[in-house]
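Subject: Structure handover and notes

Dear colleague,

I am passing a structure on to you, and I would be grateful if you could keep it open while you read the notes that come after it.

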Amino acid sequence: MADDRAIALIAHDQKKAEMADFAARHVEILQRHRLVATGTTGGRILEVCPDLNLTRLKSGPLGGDQQIGALIATGEISMLIFFTDPLTPLPHDVDVKALTRLATVYDVPMALNRATAELLIDKI
């Protein structure tokens, strides 16, 4: 990526450890990019990769999903990696659906699981 758009990283509660592991595994690639993450996910990533250029936004249920959605709508996100947990009910499911809808509308590459994230990260 030759531009300054960010990669967005989000993970539901049961997937946060997996996201931190994904970041640690791909730290060499991620450190070349600007990153944004929802609050708790960003904190978990920074615990294992403290040198990443990562901006923590609000927690997802407190508006972080919407903040990332706004960044997508303004063209500031180049990729969305969102480890979702389809087996756990989410009270803010409406926000999650809005976020994935925006990524689709604005044609932002989006991974909703680790297998797809592995394919996308290898392409940047």
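The notes below go through the cores, one helix and two loop residues.

This is a predicted model, in which local features need pLDDT of at least 70 and side-chain atom pairs count only at pLDDT 80 or more, while totals for chains, interfaces and linings use all residues. Residues are numbered from 1 along each chain as its sequence is written, and side-chain values use heavy atoms, with hydrogens and water left out.

I begin with the cores. A nonpolar core is a set of buried Ala, Val, Leu, Ile, Met, Phe, Trp, Tyr and Cys residues joined through side-chain atoms within 4.5 Å, where buried means under 20% relative accessible area, exposed means over 50%, and partly exposed lies in between (1.4 Å probe, protein chains only). The largest such core has 21 residues, and L9, M19 and I81 have the most contacts inside it. Two or more residues are given to this core by each of β1 (6–11), α1, α2, β2, β4 and α6; helices (H or I, at least four residues) and strands (E, at least two) are DSSP runs numbered from the N terminus. A second, separate core of 15 residues includes V36, I68, L99 and A103.

Next comes helix α6, which spans residues 114–121 and in which R114, A117, E118, L120 and I121 are buried. These buried residues lie on the same side of α6, because they cover an arc of only 165° around the axis, the arc being that of the directions from the helix axis to the C-beta atoms. On the other side of α6, A115 and L119 are exposed. Among the elements that cover the buried residues of α6 are α1 (16–25), α2 (27–30), β4 (77–83) and β5 (110–111).

Two loop residues remain. T38, in the loop between β2 (35–37) and α3, is buried, with a relative accessible area of 3%. Leaving aside residues up to four places away in sequence, T38 touches L9, I10, L57, K58, G60, G64, D65 and I68, contact meaning heavy atoms within 4.5 Å. N53, in the loop between α3 (39–48) and β3 (54–56), counts as partly exposed at 43% relative accessibility. With residues up to four places away in sequence again not counted, N53 touches H33, R34 and L35. The C-alpha atoms of N53 and R32 are separated by 8.4 Å, the two residues being 21 residues apart along the chain.

With best wishes
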